[in-house]
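Visitor: Please show me the structure, and then let me ask how its descriptions are justified.
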Amino acid sequence: GARLDIRNVSKSFVVNGAAVEALKDVSLDVAAGEFVVLLGPSGCGKSTLLRLVAGLDRDFRGSISQDGEPVAGTSLDRGIVFQEPRLFPWATVTQNIALGLKNAPLSERAKRETIAAHISLVGLDGFAEAYPHQLSGGMAQRAAIARGLVNRPRLLLLDEPFGALDALTRARLQLELQRIWAHEKISMILVTHDVDEAVLLGDRIIVLAPRPGRVARIFDVTVPRPRS
Ligand code: ADP
Ligand code: ADP
């Protein structure tokens, strides 16, 4: 998995002509293969930080590097999964996942094989040719996870990936994600406001707690647990 270095990152948005500080002087790191959870209430800046790490927004102060290289734009070496699956309705599961491989330097045959392997990895065997409207919410999110992983990134970013699912589906997919993390040995950063989810999944939980004035203060909690 990838190492990540986030140093003194600040980010503000201009809202109605006034600057709103979303992140102020945030520093944290992620070790290779670590599963880090960013926990905090709505509005504390979790999604903003994840978007910066993803390279989706380059307008910030401070530095973010992955394996020593500054993050500059999106990269095949980072996958991302959002709260909504964001599948194209006109494309099958296979075609949606294939879009994630568009820029990968692989032969057509290798692409077909890796897509099939990822459909199995997320438990969607039998649904390769299904369209998004034929999938349940949980299955659509499985497809989104497959798309995020299909380039074999060394870092997977997940923004409230289970937030829109019912409790049973959420519990299933949390365990599936843990299995995939152990299997793929990649680094993960998962954003959530669900304390139980953070404790279940995180090696380390970074709590973004808003102080008066709204900018988060950081608590870094290492979760002691046996690792097999
Ligand atoms: P969280 O993910 O923890 O709910 P966000 O990162 O979405 O928090 O938001 C942090 C703060 O930044 C909030 O005050 C939010 O209103 C503000 N913010 C986020 N995105 C934008 C944007 N595109 N334009 C203006 N303000 C934004
Ligand atoms: P759900 O939202 O239906 O609970 P899950 O992601 O928890 O979805 O699905 C669990 C497994 O059950 C999936 O991997 C899928 O293979 C299987 N499954 C779900 N719905 C169907 C269906 N309509 N037909 C066949 N298998 C299904």
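Guide: What follows deals with the cavities and with the surroundings of ligand 2.

Guide: This is a predicted model, in which local features need pLDDT of at least 70, side-chain atom pairs count only at pLDDT 80 or more, and totals for chains, interfaces and linings use all residues. Residues are numbered from 1 along each chain as its sequence is written, chains are lettered from A and ligands numbered from 1 in the order in which they are written, and side-chain values use heavy atoms, with hydrogens and water left out.

Visitor: What makes a space in this structure a cavity, and how many have 30 Å³ or more?
Guide: On a 1 Å grid over the protein atoms alone, a cavity is a set of points where a 1.4 Å probe fits but cannot get out. The structure holds 2 such cavities of 30 Å³ or more. A volume is the space filled by probe spheres set on the points, which are joined across faces, edges and corners; the largest cavity has about 40 Å³ and the second largest about 30 Å³.

Visitor: Which residues are said to line the largest cavity?
Guide: Lining residues have an atom within 4 Å of a point. V122, R142, I145, L173, E176, L177 and I180 meet this, so they are its lining. Helix α5 (167-184) gives the most, with 4 residues.

Visitor: Why is the lining of the second largest cavity called nonpolar or charged?
Guide: Ala, Val, Leu, Ile, Met, Phe, Trp, Tyr, Cys and Pro count as nonpolar, Asp, Glu, Lys and Arg as charged, and the others, Gly among them, as polar. The lining consists of I6, L28, L38, L49, L50, V53 and I189, so by class it has 7 nonpolar, no polar and no charged residues. The lining of the largest cavity has 5 nonpolar, no polar and 2 charged.

Visitor: Which residues surround ligand 2?
Guide: A residue is counted if one of its heavy atoms lies within 4 Å of the ligand. The residues are G123, F127, S136, G138, M139, R142, T169 and R172.

Visitor: What makes the approach of R142 to ligand 2 a polar contact?
Guide: A polar contact is a pair of N or O atoms within 3.5 Å. A polar side-chain atom of R142 lies 2.5 Å from an oxygen atom of ligand 2, so the pair qualifies. A backbone N or O atom of G123 lies 2.7 Å from an oxygen atom of the ligand, and for a polar backbone atom of G138 the distance is 3.3 Å.

Technical notes. On a 1 Å grid over the protein atoms alone, a cavity is a set of points where a 1.4 Å probe fits but cannot get out, and a pocket is an open set with protein on both sides within 12 Å along at least five of seven lines; lining residues have an atom within 4 Å of a point. Helices (H or I, at least four residues) and strands (E, at least two) are DSSP runs, numbered from the N terminus. A polar contact is a pair of N or O atoms within 3.5 Å; within protein, one must be able to donate a hydrogen and the other to accept it, and residues adjacent in sequence count only if both atoms are side-chain atoms.
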